[in-house]
Amino acid sequence: MTLPFFPPDLFDDDRQTILDIVRRVGTAAEQRFILGERTAAFERALAAQVGAADVIACGSGTTALTLVLRSMDIGPGDEVVVPAFGCAPLASSVVSVGATPVFADVHPWTMVVEPYEVAEAITARTAAIMPAHMFSVMADMPTLRDLSGHHGVRLVEDSAVAQGGVLEGVPAGRWGEAGVYSFVQVKTFGTIGEGGAVVTDDPEIARAVRMLRNHGQDGRARFVHHLVGHNSRFDEITADYQLHRLPGLAARLERRARIADYYTERFTPLAGRGIQPPPAGRDGRCFYVYSLLADRRDDLKRHLATHGVGSHVYYPAPLPAQPAFARYARPGQYWPHAELASARTLALPIYPHLTDAEVEHIADTVCAFPGEPR
Ligand SMILES: *Cc1c(COP(=O)(O)O)cnc(C)c1O
């Protein structure tokens, strides 16, 4: 049995649908390939699903973050507090608007940003805090929302990986003044190309993001640029395909959650052997990536590969340790939990079309890892 971490057959069942959509959009009289009716319908469907006043579809999750920061007028001289452990867009989106990322350490088990570390990082220059949901755990949004209110800083929610997650009854993306989703292939609502979205109730943010995604135009007068914009437009073929996939999302997420439940049940007894699964439960969870922590991570990865199980390390280094972002690391500051997470984290396959037998094989293989008793 060989189970890749990134399955190549994600969209196999949809091949005919994809061809039909390409034909439909490609041969339509209006020859409209971006920001047309299908994109608008997709935005309305997403907004209805999470009860948001507005959704603005963008070119990617990364540009969605950038446009949100721009809509808040965050730029040179401003600081944005981001997790020290996470994906590059958390820092690069801040840098791309001319602001400075300030890194806050994460929780050693859940790997989401620690609110007290965020509080410590806030200065007079802080314009926003930007927590991210990580792997299968949503950030502590109630505390972070209180923090943002208390300090009078904006709250941007990087919910790129957490679409469908719900914390205390509030969907991921709905905790911040604005949230974002990403539709890049590997995400839970991944697609056949690139895409992202901004979710917000704030009409000012929505209006600005709508203009910023298309060169600062307001959608009425062409070639009138109200803002220095970007190109972050959404594709009609992608919109049609995502509309086709949206009704099945809940069932795919539920399948992911069940696989995670099973893994966690199997791995909880492994604590004495240096393997720790994420917390059990469903509230505030999203199951984009099932990451466990292993003292001998690289050995476990090799053991899994030997038995035909693909795994992946998200992320091998904390953000401030990356060459691109090291200059933003405050001298003398350390992120020990982010360091520990990058040394110990290992993600297992959790895609919804894994069969029960495959899931069992993956769990058996992890459980057979000859860890050293502590
Ligand atoms: C994937 C991801 C993004 C960026 O999304 P893209 O669509 O790849 O640009 C941003 N933040 C987090 C936490 C992500 O995992």
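These are my notebook entries on the cavities and the ligand site of this structure, which is a predicted model.

**Entry 1: cavities.** I began with enclosed space and counted three cavities of 30 Å³ or more. The largest has a volume of about 90 Å³. I listed its lining as Cys87, Leu90, Ala132, His133, Met134, Phe135, Asp158, Ala160, Val161, Tyr288 and Tyr315. Sorted by class, that lining gives nine nonpolar residues, one polar and one charged.

**Entry 2: the second largest cavity.** Here I noted a volume of about 60 Å³. The lining has 14 residues, and the closest to the centre are Trp109, Thr110, Met111, Pro278 and Ser291. I found 10 nonpolar and four polar residues in this lining, with no charged ones. Which strand gives the largest share of the lining? I traced that to β11 (residues 290-294), with three residues. Domain 1 (12-247) and domain 2 (248-367) each supply at least three residues to the lining.

**Entry 3: the ligand.** Next I looked up who sits around the ligand: Ser60, Gly61, Thr62, Cys87, Pro89, Asp158, Ala160, Val161, Ser182, Val184, Lys187 and Gly195. I split this shell into five nonpolar, five polar and two charged residues.

Then I went through polar contacts to ligand oxygen atoms. Gly61 uses a backbone N or O atom, at 2.8 Å. Ser182 has a polar side-chain atom 2.7 Å away, and for Lys187 a side-chain N or O atom lies at 3.1 Å. Lastly I checked burial: the ligand alone exposes 380 Å², and the protein buries 89% of that.

Note on methods:
Residues numbered from 1 in each chain as written. Predicted model: local features only at pLDDT ≥ 70, side-chain atom pairs only at ≥ 80, totals over all residues. Heavy atoms only, no water. 1 Å grid on protein atoms, 1.4 Å probe; cavity = no way out; pocket = protein on both sides within 12 Å on 5 of 7 lines; lining within 4 Å. Points joined across faces, edges and corners; volume = space filled by probe spheres on them. Nonpolar A, V, L, I, M, F, W, Y, C, P; charged D, E, K, R; others polar. Helix = DSSP H or I, 4+ residues; strand = E, 2+ residues; numbered from the N terminus. Domains from an automatic or database assignment. Near = heavy atom within 4 Å. Polar contact = N/O pair within 3.5 Å; in protein donor to acceptor, adjacent residues only side chain to side chain. Areas by Shrake-Rupley, 256 points an atom, 1.4 Å probe, with all protein chains shown as cover.
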